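This note is addressed to a colleague who is meeting the structure for the first time. Please read the points below with the sequence and the model at hand.

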Amino acid sequence: MKIQARGLPVRAAIAGMVVGAMVIMTIVVLSIGWFGSRQILLDTATRTARDAGQITIERSRRMIDPGAATLRTLTFDPIVTSTRLEDRLSRVGVFAAELSANELVSAIYVGFENGDFLLVRPLDQRDIRQRFQAPTQANFLVQTVTTNAQGVRVGAYHFFDASNRLLLQREIPDYQFDPRQRAWYVAAKDTVSTVVSKPYVFFSTRQVGISLSKLATNGKTIVALDMTLDDLANSLGDLRITPGSELALVGEQNEVVAYRDMRAVLLQRENSDEIGFRTLSDLGVQALTRLQAQPQDERAVSYQADGKDWLGISMPFDAIEGVRLRLLVTAPADELLGDLQRSRDQLILIATGLILLFLPLGWWAGSSIGKAMEQVAARARRMSAFDFSRPPSQASSIREVSTLHEVVDNVSVTVEAFLDISHVLGAEARIDSMLGQVLEKIVAATRSDGGGVYLWQRQDGSMLRAAQAGPQGGLQETFAYAANDADRLRSRALDATHQRTEFELRGRSGQLEGLLVLVHSADQMHAAPEFQAFVTRLTGMLAVAIETRQLIEAQKNLFDAVIRVLADAIDAKSPYTGGHCERVPELALMLVDQMSADQTGPYAAFQLSENQRYAFYLGAWLHDCGKVTSSEHIVDKATKLEGIYNRIHEIRMRFEVLWRDAEISSLRAQLAGADATTAQAELSQTQQQLQADFRFVAESNVGGEFMSDEAIARLRQVAQTHWQRHFDDTLGLGVEELRRLLRDRPTPVELPATEQLLADRADHIVPWGDQRPAVEIDDPRNIYGFDMRLPAQRQNMGELHNLSIRRGTLTDEDRFAINDHIVQTYIMLKKLPWPAHLEQVPHIAATHHEKMDGQGYPRRLPGEALQTTDRIMALADIFEALTAADRPYKPPKTLSESLRIMAFMSKDRHIDVELYLYFLRNGIWRVYAQRYLSPAQIDEVDVDALARIAQAPAR
């Protein structure tokens with residue numbers, strides 16, 4: 001904001017003062033008689049004007065005070081607590097008596113907390129009676145708005161005679177007045193004082209008046225009344241100083257509230273029935289308009305208007321409490337001074353000569369004094385332009401100027417301290433650093449020598465020092481403290497010249513958060529109540545900051561604990577993956593911290609801010625949170641036929657049946673006359689074949705070796721063996737399993753039924769149905785950009801289908817069910833309302849299965865779209881999985897085996913080659929191995945050979 005220079009330069013001002021003094025002395029010497037006479041006349045006119053104003057003010061108070069007394073009495077009336085209309089109407093007599101006793105009160109009304117309203121007005125004017133169509137005998141009108149039992153607001157007019165008897169009651173549906181929205185209600189509900197409105201023109205009577213409102217004793221109801229101020233306008237005409245004098249009462253917007261001719265003041269607004277006040281300019285009395293433009297300093301001023309000289313005064317009109325009005329009183333100068341004005345020209349000539357004579361002297365005095373004042377003014381202008389620097393100030397021989405320099409210095413220090421405190425509170429995240437910086441600024445702002453900030457230790461009832469600045473004056477590191485519910489300030493002397501004062505730090509909830517202790521001089525300034533109030537306000541900022549920081553820290557700790565609980569729950573869900581959710585973030589953070597600390601090498605520019613590292617920390621801990629939706633029997637599938645249990649037992653039982661069937665057939669053949677030796681040989685051959693076939697099937701179920709085409713062909717040959725089922729296979733099934741069975745076999749099979757030894761039955765297929773996930777790139781429901789291949793069905797439990805798995809124990813359906821955990825991770829985390837600095841957490845957590853060649857999942861992101869943190873997560877997840885000793889489907893691998901596999905993965909662009917080489921050469925894998933791998937897994941690693949593999953051309 002640009003400072004507008006007003007007034008004269010200090011040099012010119014002082015010169016003018018000297019010249020003015022000379023002029024006054026000349027006037028006194030030459031015409032002391034004339035000046036004395038003129039001054040007496042002016043003083044008399046000023047006193048007369050002031051007396052007229054005081055009389056007007058006193059008359060106004062005598063008009064308003066009875067109304068205010070009436071209002072105070074009515075706030076105790078039972079009507080303020082009544083809830084029924086009948087009870088309220090029974091009090092109309094009291095209101096009518098008050099209206100009759102005070103003719104200036106034109107209406108009394110009550111606003112209730114629920115929006116009900118009651119107004120009593122006298123019907124003593126014809127236009128009011130006609131407007132409300134009052135009965136002939138009616139003396140008072142009661143307007144009410146009440147809420148009936150159905151919650152409907154009902155408006156009504158009630159007409160009473162002079163004996164307070166109800167003559168007529170008329171419901172007015174359109175009368176829906178709500179007092180709670182009116183200015184008189186709103187202004188009075190939060191204060192116990194009487195609230196007075198600005199003067200305005202009553203719509204019904206065209207009279208000037210005010211409204212008084214006050215909160216009733218029940219603290220809920222507002223009682224108000226309207227008062228007319230007709231006598232105020234009449235008194236202005238009676239108090240004219242001279243025949244040509246003018247008096248007017250004006251408001252803040254120069255509207256004329258009272259004038260001797262109110263008809264010239266009232267103005268009907270265009271396109272409205274509302275009556276307002278004309279402004280001074282619209283009134284057309286130039287003498288009053290010019291007076292209003294003069295300085296409002298309650299002194300008589302001389303000015304010109306309408307070609308004449310006027311003497312006038314403008315003074316505040318405080319008869320109406322809370323309303324800012326001014327009383328203007330002016331009179332023509334010739335009527336006040338008479339013949340004395342003929343001497344004015346002569347005095348002007350004499351004064352001009354004196355000014356010319358003494359101007360050099362005044363200019364010299366102004367230059368010497370004004371130079372020092374200009375320095376102070378220049379500093380004040382810089383402060384107004386937000387420059388609070390403190391350049392060295394030149395010494396001044398004038399005491400007041402030196403004091404001003406000192407005051408400006410102190411103000412600059414205080415303002416800078418406030419700005420620094422505000423900046424620290426908003427920018428510093430660590431509470432210990434924040435407290436130290438804020439304390440230094442508070443010590444400077446309060447002009448103390450030193451101090452300390454203590455934090456309240458609720459567990460043991462003590463104060464622990466968290467920050468200190470300057471001399472401590474014997475302050476302890478910790479001490480016991482008795483906390484009270486109310487704020488407490490204690491001060492005690494340290495020595496003859498110094499003192500320590502304690503200020504309690506309380507947050508918004510009023511709970512004790514800590515203590516601010518200041519060590520300062522034992523002077524009058526620091527002992528003043530203003531100093532204590534100033535520091536108390538500063539401590540409020542500090543207490544809220546401490547409370548907020550501690551709350552944020554507590555919420556962060558809670559959030560971290562919840563995430564760890566979730567990760568532990570995922571690990572505990574599967575006994576074969578316990579610790580995975582803890583080891584991966586441990587390794588990932590080791591790698592991130594090492595890369596951030598390196599000042600050379602390929603990752604010298606890699607840095608994570610505190611917020612970015614925390615986001616990475618959360619993403620690492622949550623990277624497998626979607627596994628809460630994964631089925632344990634798939635995640636922990638140790639054999640190909642394993643479902644909820646290992647179905648190899650069913651197949652073994654079928655072999656047992658065939659074994660028994662072979663024995664029975666052999667015995668029957670012998671009973672029928674067959675050669676016993678031949679029959680026994682055939683039985684032995686059949687049983688040997690069954691043993692061999694089962695051993696082959698059982699070995700195929702383990703999934704340890706690659707299944708060749710010949711092995712799969714043999715499985716299908718074994719499957720052609722048949723056995724007899726004699727029991728109904730629809731009994732004892734669950735609803736869904738029975739539905740699948742009957743879907744493809746609606747009619748019962750005649751028993752005994754011949755079935756294959758190994759089969760892929762239709763009821764083994766579990767279709768997607770309504771649970772088909774939206775992960776295909778062309779699925780319109782896919783809003784997250786997933787790009788995964790979806791198996792044709794949700795699950796395939798076919799025995800041949802599972803036993804024919806060429807590598808491992810998982811079918812395509814099983815593998816998708818496991819891979820779906822990363823989809824669920826991303827969806828779950830994207831639904832959370834992450835703040836801006838943590839919005840990358842879902843991406844970090846759900847990207848560790850992407851590959852550099854763009855063939856990863858769930859979004860097939862290419863390598864250039866993967867951030868460094870994404871590549872770190874992928875590497876950490878793979879290394880932990882390879883070295884883990886708790887997987888049911890593989891034995892633990894050694895360090896050399898794991899790193900060799902990762903080298904080939906780097907070569908094939910599955911993981912980042914540069915990051916793998918950094919990981920390999922930095923030796924972080926060795927630190928991790930010492931913590932989490934068994935001694936048998938830690939072997940020799942040829943780093944150079946692995947690096948050559950990783951950097952070789954892709955296959």
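The numbered points that follow begin with the protein as a whole and then turn to a helix pair and two residues.

1. The model under review is a predicted one. The protein contains 29 helices and 26 strands, and its length is 955 residues, of which 45% are buried.

2. The accessible surface of the protein amounts to about 49800 Å². Carbon and sulfur atoms account for 53% of that surface. As for contacts between residues at least 6 apart in sequence, 60% of them connect residues at least 24 apart.

3. A helix pair may be examined next. Helix H27, spanning residues 913–922, packs with helix H29, spanning residues 943–951, at an angle of about 180 degrees, and the two axes lie 10 Å apart. Because angles over 145 degrees count as roughly antiparallel, H27 is described as roughly antiparallel to H29.

4. Which residues make the contact between H27 and H29? From H27 come Val-913, Tyr-916, Leu-917, Leu-920 and Arg-921, while H29 supplies Val-943, Leu-946, Ala-947, Ala-950 and Gln-951. By class, the residues of this contact comprise 8 nonpolar, 1 polar and 1 charged.

5. Ser-462 belongs to strand S18, which covers residues 462–469. Is Ser-462 buried or exposed? Its relative accessible area is 9%, and since buried means under 20%, Ser-462 counts as buried.

6. The surroundings of Ser-462 deserve inspection in the model. Its side chain is joined to the side chain of Asp-460 by a polar contact of 2.8 Å. When residues up to four places away in sequence are not counted, Ser-462 touches Leu-455, Trp-456, Gln-457, Thr-478, Phe-479, Ala-480 and Tyr-481.

7. His-526 is located in helix H13, made up of residues 524–527. With a relative accessibility of 4%, His-526 is likewise classed as buried, given the limit of under 20% for that term.

8. What does the side chain of His-526 reach at 3.1 Å? The partner is the backbone oxygen of Arg-447. The side chain of His-526 also has a polar contact, at 2.7 Å, with the side chain of Asp-523.

9. Apart from neighbours within four places in sequence, the residues in contact with His-526 are Thr-446, Arg-447, Ser-448, His-520, Ser-521 and Phe-531. Arg-447 thus appears in this list and also provides the backbone oxygen reached by the side chain of His-526.

Terms used
Residues are numbered from 1 along each chain as its sequence is written. This is a predicted model: local features need pLDDT of at least 70, side-chain atom pairs count only at pLDDT 80 or more; totals for chains, interfaces and linings use all residues. Side-chain values use heavy atoms; hydrogens and water are left out. Axes are lines fitted to C-alpha atoms, for helices over the stretch in contact, and angles run from 0 to 180 degrees between N-to-C directions. Helices (H or I, at least four residues) and strands (E, at least two) are DSSP runs, numbered from the N terminus. Angles under 35 degrees count as roughly parallel, over 145 as roughly antiparallel, 65 to 115 as roughly perpendicular and the rest as oblique. Contact means heavy atoms within 4.5 Å. Ala, Val, Leu, Ile, Met, Phe, Trp, Tyr, Cys and Pro count as nonpolar, Asp, Glu, Lys and Arg as charged, and the others, Gly among them, as polar. Buried means under 20% relative accessible area, exposed over 50%, partly exposed in between (1.4 Å probe, protein chains only). A polar contact is a pair of N or O atoms within 3.5 Å; within protein, one must be able to donate a hydrogen and the other to accept it, and residues adjacent in sequence count only if both atoms are side-chain atoms. Accessible areas come from the Shrake-Rupley method with a 1.4 Å probe; for residues, only the protein chains shown count as cover.
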